[in-house]
Amino acid sequence: MDKIEFREDKITFSYKKSYGECLYQDLIAVEYSKPYCILQIGGRNSILFLISLRVILEKLPADFLLINRGIIVNKERIVDCVLQDGAYHIKMDNNKIYRISTRKLATVKNILWYKMILFRFRS
C-alpha cells in the first residue's frame, strides 16, 4: 500500500513497492486531481497519492503557496509570471505552467520582485 509521511526536513514515501524520499526544496508542485494528489518532484517522475490537498497544505512548510483551488507550488521554484489567453499563469523551473488565481497574483509578483532584487545584489 502506498504511504506518505511528512517529516521535519523531507517527505518519505513508499510507492509501488519501492521506498523513496524527497527534500522539501526538491518538491516543485502538488496538483490535486480528485481524490488524488500528484507530487511533481525535480529530477523524478510525478508520484500519485490518495490524500487530500488540505492535509498536504497543512504539513508543508511556509515555502509553499496555494495558487488556486488545486495547486500548491514551491515559492523558491517560481521563475516567471506570464499572461496567457487572458489569464495569469506562473512558470516553474521545470518549465511547467500553472494558472494562478488573481487573489494570489500580488503575492507571486512580490516573490519574483524580491528574487530579482536579490539577484542584482549578489551580482
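Is Thr12 buried or exposed? In this predicted model, Thr12 counts as buried, because its relative accessibility is 5% and the cut-off for buried is under 20%. You'll find Thr12 in strand E2, which covers residues 10-15. Its side chain has a partner too: a polar contact of 3.2 Å links the side chains of Thr12 and Arg7.

Let's move on to the sheets. Strands of a sheet pair through backbone hydrogen bonds, and they can do that either parallel or antiparallel. Here, one open sheet is built from five strands, and if you walk across it you meet them in the order E6-E5-E4-E8-E7, with antiparallel pairing. Which strands stand at the edges? They are E6, residues 47-49, and E7, residues 64-68. Each has a single partner strand, so one side of E6 and one side of E7 are left without a neighbour in the sheet. As for the twist, neighbouring strands in this sheet are turned by 20° against each other on average, if you ignore direction.

Zoom in on one end of that order. E7 pairs with E8, which spans residues 71-74, and the two are held in the antiparallel sense over four bridges. To get your bearings there, look for Asn68, which stands opposite Ile71 in E8.

While you're in this part of the chain, have a look at the largest pocket. Rolling a probe the size of a water molecule over the atoms shows where empty space is left. The largest pocket has a volume of about 160 Å³. Which residues line it? Going around the wall, you'd pick out Ser52, Leu53, Arg54, Leu57, Leu66 and Arg69. Helix H1, residues 53-59, gives the largest share of that lining, with three residues. Sorted by class, the lining is made up of three nonpolar residues, one polar residue and two charged ones.

Next, follow the chain out of E8. Arg77 sits in the loop between E8 and strand E9, the latter covering 78-84. Is Arg77 buried or exposed? Arg77 counts as buried, because its relative accessibility is 15% and buried means under 20%. A polar atom of the Arg77 side chain lies 3.4 Å from the backbone oxygen of Asp26.

That loop leads into another sheet. This one is open as well, with three strands in the order E9-E10-E11 and antiparallel pairing. E9 and E11 are its edge strands, each pairing on one side only. From one strand to the next, the twist averages 30°.

You can trace this sheet as a pair of hairpins. In one of them, E9 runs antiparallel to E10, residues 87-92, and six bridges join them. Leu83 has Tyr88 in E10 as its bridge partner. Two residues lie between the strands of this hairpin, and Asp85 in the turn has a positive phi of about 50°.

The other hairpin takes you from E10 to E11, residues 97-99, and here three bridges join the antiparallel strands. How many residues lie between E10 and E11? There are four, and Asn95 in this turn has a positive phi of about 70°. Two pairs make handy landmarks: His89 stands opposite Arg99 in E11, and Ile90 has Tyr98 in E11 as its bridge partner.

In a regular strand the side chains alternate between the two faces of the sheet. With that in mind, pick out two residues on E10. Ala87 lies in this strand and is buried, with a relative accessible area of 9%. The C-alpha atom of Ala87 is 8.7 Å from that of Ser101, and the two residues are 14 apart along the chain.

Met92 lies in E10 too. How accessible is Met92? Its relative accessibility is 0%, so Met92 counts as buried. Met92 also takes you back to an earlier stretch of the chain: Met92 and Ala29 are 63 residues apart in sequence, yet their C-alpha atoms are 8.8 Å apart in space.

Conventions: Residues numbered from 1 in each chain as written. Predicted model: local features only at pLDDT ≥ 70, side-chain atom pairs only at ≥ 80, totals over all residues. Heavy atoms only, no water. Pairing = 2+ DSSP bridges. Axes fitted to C-alpha atoms, helices over the stretch in contact; angles between N-to-C directions. 1 Å grid on protein atoms, 1.4 Å probe; cavity = no way out; pocket = protein on both sides within 12 Å on 5 of 7 lines; lining within 4 Å. Points joined across faces, edges and corners; volume = space filled by probe spheres on them. Nonpolar A, V, L, I, M, F, W, Y, C, P; charged D, E, K, R; others polar. Buried < 20%, exposed > 50% of the residue type's maximum accessible area, 1.4 Å probe, protein only. Polar contact = N/O pair within 3.5 Å; in protein donor to acceptor, adjacent residues only side chain to side chain.
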